[in-house]
Amino acid sequence: MQEKRPLVWLSTSSTDKPSTPALVSQWNIHPFDLTEPPPFGLARTGKAQVGVLDLSAYPDQGTPYLDQWIEAFQIPYWVGILPSAPDQNTPPGTLISRHCSDYHTLPLDPDRLNTVLGHLWGMAQLQRQTDNTHQDSYQDAALEGASQAIRQVRAMLRRFAKTQEPVLIYGENGTGKDTAARFIHAHSSRSTQPLVTINCAALPVSLTQSELFGYEKGAFTHALDSRRGRLESADGGTLLLSGIDELVPEQQSAILRFLQEGQIERIGGNQPRKVDVRVIATSARPLKQMVETEEFRSDVYYRLGSLEVKLPALRDRPEDIPIVANKILANTHTAFGVRKLSNKAMQSLALHDWPGNLRELQNRLRQAMLLSESAMIESADLGLAELALTIPGQSGLSLEAFRARADRQALSCSLALSHQNVSAAARILNISRVSFYRLMDKYGPHHAHSSNARAARHHQ
């Protein structure tokens with residue numbers, strides 16, 4: 001007997017399973033009440049890849065917990081159920097267009113619903129296999145986590161995926177910008193079409209035109225045959241300009257006409273070709289600042305900057321580190337099987353500042369798997385044994401440790417914003433100057449401005 005596929009059923013009316021026998025017989029349905037908030041730490045039920053959003057009894061007060069449920073499950077495909085075809089400008093219509101790949105109206109046709117669910121299940125499985133093939137382990141885990149920061153990013157990416165507008169993705173190196181771009185493509189209407197990636201940092205200036213636009217036979221000495229460029233290869237799909245901040249002005253000019261008109265022209269050709277491509281660009285530096293310093297063309301920027309999302313650094317979401325680290329370890333099998341982190345090792349990870357973000361986390365875990373001679377990874381294997389005590393007077397993972405770190409960050413940020421003016425910095429933090437000095441004394445030996453502050457106070 002074939003094993004039933006898991007299916008999540010979110011309902012605005014009840015948690016009872018659907019009474020359609022043909023549906024129940026093929027799917028292992030897990031019902032949830034959408035009128036209540038999701039429980040803390042909710043994981044995917046049975047590794048479900050498809051969900052049903054039952055809005056057949058849409059409440060007058062709306063669905064305040066819908067986004068929380070969607071984010072909790074992280075299911076790639078949803079099918080909506082409505083009492084009748086939705087109007088475009090109504091809340092149910094907006095919810096369906098934002099979250100669902102398809103919708104059905106009452107009374108349900110079980111055969112049609114089964115067909116759609118089966119198709120989406122197959123697409124999810126194919127997408128999963130493709131992702132595992134092309135992503136290394138930290139990229140595969142880049143968007144995992146339950147922090148508010150990464151949940152907001154996932155919600156924004158899902159909304160952007162429903163549009164055809166260009167998207168700019170910012171983030172420090174190693175935060176998973178390419179993963180975010182692939183997420184948008186995979187959840188868009190172009191998911192079955194090609195995703196063509198151009199590594200801008202590795203694109204030679206002399207080959208930019210031929211690589212992007214292609215060429216006709218005889219266009220130059222070695223052009224023995226016609227060749228499509230990368231933009232033409234992405235026709236109908238998505239073009240990812242990875243690291244667009246690495247393009248020099250000459251290369252930026254080359255893509256301007258394509259961004260402006262959606263047309264290309266092969267080298268040696270005289271016929272413009274229309275291409276239907278959705279553009280996603282990633283950058284480690286804010287392009288707006290680069291425009292101000294004349295490192296990036298403003299006309300190119302404004303044709304890319306319709307929608308923007310910034311990926312948080314790993315240090316800004318420390319609560320996600322255990323989830324991401326365990327996901328990376330689970331994807332890497334060794335002679336010991338799946339490795340595990342000791343409590344002290346996990347504390348070391350949580351207290352580290354992660355200047356290299358997810359890439360550094362992956363590298364340290366790989367190092368640990370090579371150095372450790374047991375199934376349990378310790379702090380020393382990670383090269384973090386001396387870094388675990390980064391907060392003065394604190395040891396281990398404690399509430400006081402996190403409060404101390406927050407205090408030190410507040411001091412640094414407020415002084416930077418106020419140009420080292422203590423009174424102004426205290427006003428920014430909404431505390432008295434005496435309290436500000438007290439904090440500086442507390443972290444004085446470890447704070448760059450403490451000696452200057454004490455000296456200034458003696459002269460007051």
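These legends cover the whole chain and then close-up views of one sheet in a predicted model.

**View 1. The whole chain of the predicted model.** The chain holds 20 helices and 16 strands. Of its 460 residues, 45% are buried. Its accessible surface comes to about 23200 Å². Carbon and sulfur atoms account for 50% of that surface. Take the contacts between residues at least 6 apart in sequence: 69% of them join residues at least 24 apart.

**View 2. An open sheet of five strands.** The strand order is β7-β10-β13-β6-β14. Pairing in this sheet is parallel. β7 (195-199) and β14 (307-310) are the edge strands. Each has a single partner strand, so one side of each lacks a neighbour in the sheet. Neighbouring strands are turned against each other by 20° on average, direction ignored.

**View 3. The pairing of β6 with β14.** Strands of a sheet pair through backbone hydrogen bonds, either parallel or antiparallel. Here the sense is parallel, and four bridges link the two strands. β6 spans residues 167-170. To locate one of the bridges, start at V167. Its bridge partner in β14 is L307. β14 is also an edge strand of the sheet.

**View 4. Helix α6 across three strands.** α6 covers residues 148-161. The helix lies across β6, β13 (278-283) and β14. Relative to β14, α6 runs at about 160°. In the sheet order, these three strands appear as β13-β6-β14.

Methods:
Residues are numbered from 1 along each chain as its sequence is written. This is a predicted model: local features need pLDDT of at least 70, side-chain atom pairs count only at pLDDT 80 or more; totals for chains, interfaces and linings use all residues. Side-chain values use heavy atoms; hydrogens and water are left out. Two strands pair if DSSP finds at least two bridges between them. Axes are lines fitted to C-alpha atoms, for helices over the stretch in contact, and angles run from 0 to 180 degrees between N-to-C directions. Contact means heavy atoms within 4.5 Å. Buried means under 20% relative accessible area, exposed over 50%, partly exposed in between (1.4 Å probe, protein chains only). Accessible areas come from the Shrake-Rupley method with a 1.4 Å probe; for residues, only the protein chains shown count as cover.
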